[in-house]
Amino acid sequence: MSRSKKKHGAVKWVVTALVIAAIAGGVVYAKTAGSSKIPDITCTSGKVMKQDLSQYITLSGTVSGKSSMTITGDPTLKVEKLNVRKGDAVKKGDVLCIFDSTSLQEEFDSLSDSNSRTQGAQNYTHGINQRNLENARRDKANALSKAQQDIDDAYNKRDQAYENYNNKVNQFNEINKNIDTVYAEMYETDNEEEFKAKEAQWEELKAKSAILNNELTAEHEMLSSYDDAITAAKRAYEDVEKSADNLIQNAQDTIDQEQYTNTDTATTDRLRKLSEQIEKCTVVTPMDGIISDLRITEGSTPMSADIMTISDASSLIVTGKVNENDVLNVKEDLPVDITANAIGEDTIEGKVTRVEKISSGAGVDTTGGYTVEISVNDPGKLLIGMSANAKIILDEVEDVVCVPYDSILTDDNDENYVWLATEDENGTYKVSKVLVKKGFEGDYYTEIASDRLHRGDIVLTGSYNISDGDTVELEQSEEE
């Protein structure tokens, strides 16, 4: 829904500007036709309108950056150079001011010179200890590499021995098979020469079998020794590793002990602190923004550590207060129309972003009220520090038929009605009772529903001792 862009007064419940521009009323002298018992009654009137209505709360506040940061400095040092003034725009990294670091630098140089000589001796000892540690680590790596090689060799010898043994077993089984074959062939032949040849072959195979059998027996007894060699190599590896770790730990302990025996921690800490203080003497801005508050001058010593405030000018807010009768109606995300004397008739849109749930009237602040924060959609011409008025739109309707709120009366049947004044040929007005249904209620105008009322019709406002059909005289106001 589009909203009016004209300013409004700071009242609690009002209609839109379209309503204000259209109000027309008058003073009515009412009397019944042909009767002298009812005295003349001075009354007012208004017109039936068709327009936008709204309900809103207004507050006055101040424009500020949505986010701001307090910049601090050393309150014991003099400001040597100040590069900004209040209201200046700054970019992240800009140098805001420089404090006089002469005394700090002199102390740092003196301590650093003394400490460097002590540190030289400490560095020499530390170098020896560090070298011992590196040697211990290198010796461990070499020893473990050798021990691992012994383990690998033991595995290879064991595997080769098992391979040789298995080959001889296969060979032994093959010879014994041939022995059986030759023996059978020897007794199957009837030829004496062939028999003797087979017999000689059989004897030769038996001799080879016996030799292999003896070798297999001996090698089988040796196989377990190869497994024992692997176990021994692994134990040797563990012993080497343990011994090397002890040497490394001893070297590391010597280095760790240096911080307790050699280091002047007080001097080191003071040097570090001085270095940090010297670095902070050049104050730079951590963000883009506007210098919204400046509490130092060049050549003077700050009154406190808080030396200035930077506000983010790209995102503005308006902060004000509402009273306790209105605060429960204000919710986050409600639309807001913002005006300011500095920007003329322009209206800037925003929305409610925060409502404090505790009154600011507690403690030293006796003004009371609940703080409301409103974000500005587009800053436009608004600047940080400007005074602004905000209209928080609680509800609104568009283009509805409405009448002045004091024209709506209630009869004995609890039905709402208005007195419709219709001009006759004599220039007087005849009143008739018209039942209406109330709708949206603005400040002065209330939405109604009635088939008998139309835009521009005149209705009486207020309560009068008149009846349906009475004739009244209407003296129009200057606004008519």
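# Exercises on a predicted model

D414 is exposed, with a relative accessible area of 67%. Keep that residue in mind as a warm-up; the model you are working with is a predicted one.

## Exercise 1: Two unusual backbone angles

Task: Work out where D414 lies in the chain, and what is notable about its phi angle.

Solution. Start with the location: D414 sits in the loop between β16 (409-410) and β17 (416-423). Next, look at the backbone. Phi of D414 is near 60°, which is a positive value in a residue other than glycine. Then add the surface: a residue counts as exposed over 50% relative accessible area, and D414 has 67%, so it is exposed.

Now try D333 in the same manner. This residue belongs to the loop between β11 and β12 (335-339). Its phi is positive, about 80°, although D333 is not a glycine. With a relative accessibility of 55%, D333 counts as exposed.

## Exercise 2: Reading a sheet

Task: Give the strand order of the open sheet of 4 strands, and say how its strands pair. Then decide which strands stand at the edges.

Solution. Write down the order: β4-β10-β9-β6, with antiparallel pairing. From that order, β4 (68-72) and β6 (89-90) stand at the edges; each has a single partner strand, so one side of each is left without a neighbour in the sheet.

Now go through two of the pairings. Strand β9 (residues 289-294) and strand β10 (residues 306-311) are antiparallel and share 4 bridges. To find this pairing in the structure, look for L294, whose bridge partner in β10 is M308. On to β6 and β9: these strands also run antiparallel, joined by 2 bridges. Here A89 has I290 of β9 as its bridge partner.

As a reminder, strands of a sheet pair through backbone hydrogen bonds, either parallel or antiparallel.

## Exercise 3: A strand with two partners

Task: Is strand β3 (residues 49-65) largely enclosed or open, judging by its buried residues? Find out how β3 pairs with β15 and with β11.

Solution. Begin with burial, where the cut-off is under 20% relative accessible area. In β3, 13 of the 17 residues are buried, so the strand is largely enclosed by the rest of the structure.

Then take the partners in turn. With strand β15 (residues 387-404), β3 pairs in the antiparallel sense over 13 bridges; T62 stands opposite S387 there. With strand β11 (residues 316-322), β3 also runs antiparallel, and 5 bridges join the two. In that pairing, S64 stands opposite I317.

## Exercise 4: The two sides of a helix

Task: Check the span of α4 against the expected value, and sort some of its residues into buried and exposed.

Solution. First the span. The helix has 16 residues, which at 1.5 Å a residue should span 22 Å; the end C-alpha atoms of α4 are 22 Å apart, so the two values agree. Next, the buried residues: T267, L271, L274 and I278. Viewed down the axis of α4, the buried residues fall within an arc of 65°, so they line one face of the helix. The spacing makes sense in general terms: an α-helix has 3.6 residues a turn, so residues three or four places apart point the same way. Finally, turn to the other side of α4, where A266, E279 and K280 are exposed.

## Exercise 5: The largest pocket

Task: Describe the volume of the largest pocket and the residues that line it.

Solution. The volume comes first: about 270 Å³ of space lies in the largest pocket. Of its 14 lining residues, T72, G73, D74, K280 and C281 are the closest to the centre. Now ask which elements contribute. β4, α4 (265-280) and β8 (282-284) each supply at least two residues of the lining, and α4 gives the most, with 4 residues. Sorted by class, the lining has 6 nonpolar, 4 polar and 4 charged residues.

## Exercise 6: Distances across the chain

Task: Say how far apart the C-alpha atoms of V283 and F99 are, and those of E199 and V182.

Solution. V283 lies in strand β8 and is buried, with a relative accessible area of 5%. Its C-alpha atom is separated by 8.0 Å from that of F99, 184 residues apart along the chain. E199 is found in helix α3 (residues 192-261), and at 34% relative accessible area E199 is partly exposed. Between the C-alpha atoms of E199 and V182 the separation is 7.9 Å, with the two residues 17 apart along the chain.

Methods. Residues numbered from 1 in each chain as written. Predicted model: local features only at pLDDT ≥ 70, side-chain atom pairs only at ≥ 80, totals over all residues. Heavy atoms only, no water. Pairing = 2+ DSSP bridges. Buried < 20%, exposed > 50% of the residue type's maximum accessible area, 1.4 Å probe, protein only. 1 Å grid on protein atoms, 1.4 Å probe; cavity = no way out; pocket = protein on both sides within 12 Å on 5 of 7 lines; lining within 4 Å. Points joined across faces, edges and corners; volume = space filled by probe spheres on them. Nonpolar A, V, L, I, M, F, W, Y, C, P; charged D, E, K, R; others polar. Expected span 1.5 Å × (residues − 1). Arc of directions from axis to C-beta.
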